[in-house]
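Colleague: I'd like a close look at one part of this model, the helix packing in the first chain. Could you walk me through that, and then show how the rest fits around it?

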Amino acid sequence: MRWSKLGFAAFTMSWLGGASLLAQQAPAAPQARFVVVLDAAHGGDDSGGRLLNGQPEKAFTLAMSVRLRSLLAVRGIQVVTTRESDQTVEAERRAEITNHAAAQACLSLHATESGLGIHLFASSLAPSANAGGGVRFLAWKTAQSAWVTRSVALEGDLNSALLHAGMSVTLGRSSLPVLDSLTCPAVAVEIAPEMSSDKTVAAELDDPGYQARVAEALAAAIVEWRTEAARAEAHP
Amino acid sequence: MIPRHQAVIFSILLLASLVMGVTLWELREHAHRRLIAGQDSAPTSAPQVAAELQATLMVASDSDGSMPAQLHALPLPTDPGARARAILGKLLDIYAAADAAHPVPGGDGSVLEVFLLPAINSGAAADAANGPQLAVVNLAGSFAANHPSGIETETLTVLSICGTLHANLPRVSQVRFLVDGQVRSTLAGHADLTRTYLTGEPVLTEGRQP
């Protein structure tokens with residue numbers, strides 16, 4: 001008798017669980033949410049590179065993340081950041097935050113004194129056959145391979161916006177520990193001193209005007225990316 | 001008057017002292033002759049220098065991210081591993097120069113060894129003599145510690161090493177990096193050194209309006 005009650009309870013719970021599963025599998029309503037993850041590289045114990053004025057890279061990337069977050073929020077875009085202060089965040093934790101956010105774009109912000117202009121990097125992983133996210137399990141270190149094609153498209157939008165703002169851009173593919181584990185379109189943005197027409201330094205990294213122009217151009221690119229995503233959703 | 005037995009003992013001790021003195025003198029002379037002989041056996045002629053051969057170096061430039069090929073005549077050893085090390089040493093010498101387009105301190109001594117092994121998952125185990133190869137480049141810790149930090153500069157260093165190896169040893173299709181014989185997570189905080197690089201990976205390009 002007791003066992004039959006337990007069996008009934010187990011059946012009821014499994015039925016309820018099944019119903020819950022069915023509810024989860026039912027087609028969801030079209031999502032209007034558009035989330036962008038801003039990853040201010042380095043932080044805490046990891047200072048990153050040393051910039052010309054002695055400022056550590058971690059401070060520059062955090063300042064740029066805060067500035068860009070404000071610009072995107074004003075444009076009605078939901079922003080998730082991987083860090084809000086000078087704290088150590090491991091690469092795995094950054095990827096976890098980004099992947100849990102189910103973002104439509106992720107920008108990993110870096111800075112350097114090497115080279116000139118803005119350097120954009122998508123993951124150098126080869127696109128996988130499961131592009132589009134139709135797979136349930138992905139290898140952690142190569143998860144980005146399913147989104148590389150979209151990441152390259154995002155890189156193209158960023159390139160257009162930055163060139164439109166009069167900046168020089170270098171496009172590349174690289175293997176970065178955080179980038180390769182992300183399950184969304186993701187680009188690493190490395191900001192170097194601004195290049196003039198005669199290939200000399202026009203503005204250093206600590207120039208507030210230069211920082212503002214870079215942030216504005218990146219925000220414009222994200223807005224364009226959102227428009228393209230909305231268009232693709234309306235006309236699949 | 002000295003007793004007879006004391007005179008005998010004195011004579012024996014005197015004789016023993018003389019014998020020991022002569023023996024020590026002979027041993028000293030023998031050691032001296034051996035030392036002179038050792039010095040004589042040292043090479044007096046200069047070592048033979050390997051013949052100069054053309055090497056193709058993929059030299060990176062930070063300003064535009066390009067990596068054009070440059071030809072250099074270098075004395076190269078015949079052993080492939082030693083040859084790869086010599087070529088990479090020349091590449092890093094160029095980067096260590098004062099007016100380098102891709103400045104990285106370190107130079108020739110930054111490449112400790114280059115090991116050439118059959119490529120991973122190449123399926124060519126039976127054709128070890130002609131199949132694709134994996135190059136394991138062991139860099140000095142001081143090179144990684146002093147490398148400028150940045151995605152572009154680190155990526156250019158990695159790609160130029162991969163490209164240079166492939167240009168001179170066409171069988172090299174994969175490259176892995178060690179630092180002081182150990183696996184290291186990144187070169188200087190950015191470029192991943194835990195993965196196997198393919199020598200055909202794309203280089204950087206300048207952004208242009210579509």
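Modeller: Sure. Let's start with H2(A) and H5(A), whose axes come within 9 Å and cross at roughly 45°. Keep in mind that this is a predicted model. An angle over 35 degrees but short of 65 falls outside both the roughly parallel and the roughly perpendicular ranges, so H2(A) and H5(A) count as oblique to each other. As for handedness, H2(A) passes H5(A) in a right-handed crossing. On the H2(A) side, the contact is made by A:Met64, A:Arg67, A:Leu68, A:Leu71 and A:Leu72. H5(A) answers with A:Gln211, A:Ala215, A:Glu216, A:Leu218, A:Ala219 and A:Ile222. Sort the residues of this contact by class and you get eight nonpolar, one polar and two charged.

H5(A) has another partner in H4(A). Here the helices pack at an angle of about 135°, with their axes 8 Å apart. That angle is not over 145, the cut-off for roughly antiparallel, so H4(A) and H5(A) are again described as oblique to each other. The crossing of H4(A) past H5(A) is right-handed. From H4(A), the residues involved are A:Leu154, A:Asp157, A:Leu158, A:Ala161 and A:Leu162. From H5(A) come A:Ala217, A:Leu218, A:Ala220, A:Ala221, A:Glu224 and A:Trp225. This contact divides into nine nonpolar residues, two charged ones and no polar ones. One residue to pick out on your screen is A:Leu218: it takes part in the contact with H2(A) and also in the one with H4(A).

Now step back to the whole of chain A. There are five helices and eight strands in it, and from the N terminus on the elements run α-β-α-β-α-β-β-α-β-β-β-β-α. Of the 236 residues of chain A, 44% count as buried. If you take the contacts in chain A with a separation of 6 or more, 75% of them are accounted for by residues 24 or more positions apart.

Just ahead of H2(A) there's a backbone detail to look at. A:His42 sits in the loop between strand S1 (35–40) and helix H2 (57–74) of chain A. This residue has a positive phi of about 65°, although it is not a glycine. A:His42 counts as buried because it has 26 C-beta neighbours inside 10 Å, and the cut-off for that label is 20 or more.

H4(A) also takes us to the other chain. In total, 26 residues of chain A are in contact with 26 residues of chain B. On the chain A side, strand S4 (118–123), helix H4 (148–164), strand S5 (169–174) and strand S6 (186–191) each supply at least two residues. The largest share, six residues, comes from S5(A). By class, this side has eight nonpolar, 14 polar and four charged residues.

Chain B itself comes to four helices and seven strands, in the pattern α-β-β-α-β-β-α-α-β-β-β along the sequence. Buried residues make up 32% of its 210 residues. Among contacts in chain B between residues at least 6 apart in sequence, 62% join residues at least 24 apart. The chain is divided into domain 1 (1–35) and domain 2 (52–198), and the C-alpha centres of those two domains of chain B lie 68 Å apart.

Two loop residues in chain B are handy to set beside A:His42. B:Asp180 lies in the loop between strand S5 (172–179) and strand S6 (197–198) of chain B. Its phi is near 55°, a positive value in a residue other than glycine. With 13 C-beta neighbours inside 10 Å, B:Asp180 counts as partly exposed.

The other one, B:Val59, belongs to the loop between strand S1 (52–58) and strand S2 (69–75) of chain B. Because it has 21 C-beta neighbours inside 10 Å, B:Val59 counts as buried. Leaving aside neighbours within four places in sequence, B:Val59 is in contact with B:Met67, B:Pro68, B:Gln70, B:Ile94 and B:Ser160.

Methods
Residues are numbered from 1 along each chain as its sequence is written. Chains are lettered from A and ligands numbered from 1 in the order in which they are written. This is a predicted model: local features need pLDDT of at least 70, side-chain atom pairs count only at pLDDT 80 or more; totals for chains, interfaces and linings use all residues. Two residues are in contact if their C-beta atoms, placed from the backbone, lie within 7 Å. Ala, Val, Leu, Ile, Met, Phe, Trp, Tyr, Cys and Pro count as nonpolar, Asp, Glu, Lys and Arg as charged, and the others, Gly among them, as polar. Domain bounds come from an automatic or database domain assignment. A residue is buried if 20 or more other C-beta atoms lie within 10 Å of its own, exposed if 12 or fewer, and partly exposed in between; C-beta atoms are placed from the backbone. Axes are lines fitted to C-alpha atoms, for helices over the stretch in contact, and angles run from 0 to 180 degrees between N-to-C directions. Angles under 35 degrees count as roughly parallel, over 145 as roughly antiparallel, 65 to 115 as roughly perpendicular and the rest as oblique. A crossing is left-handed if the near helix is turned anticlockwise from the far one by less than a right angle, and right-handed if clockwise.
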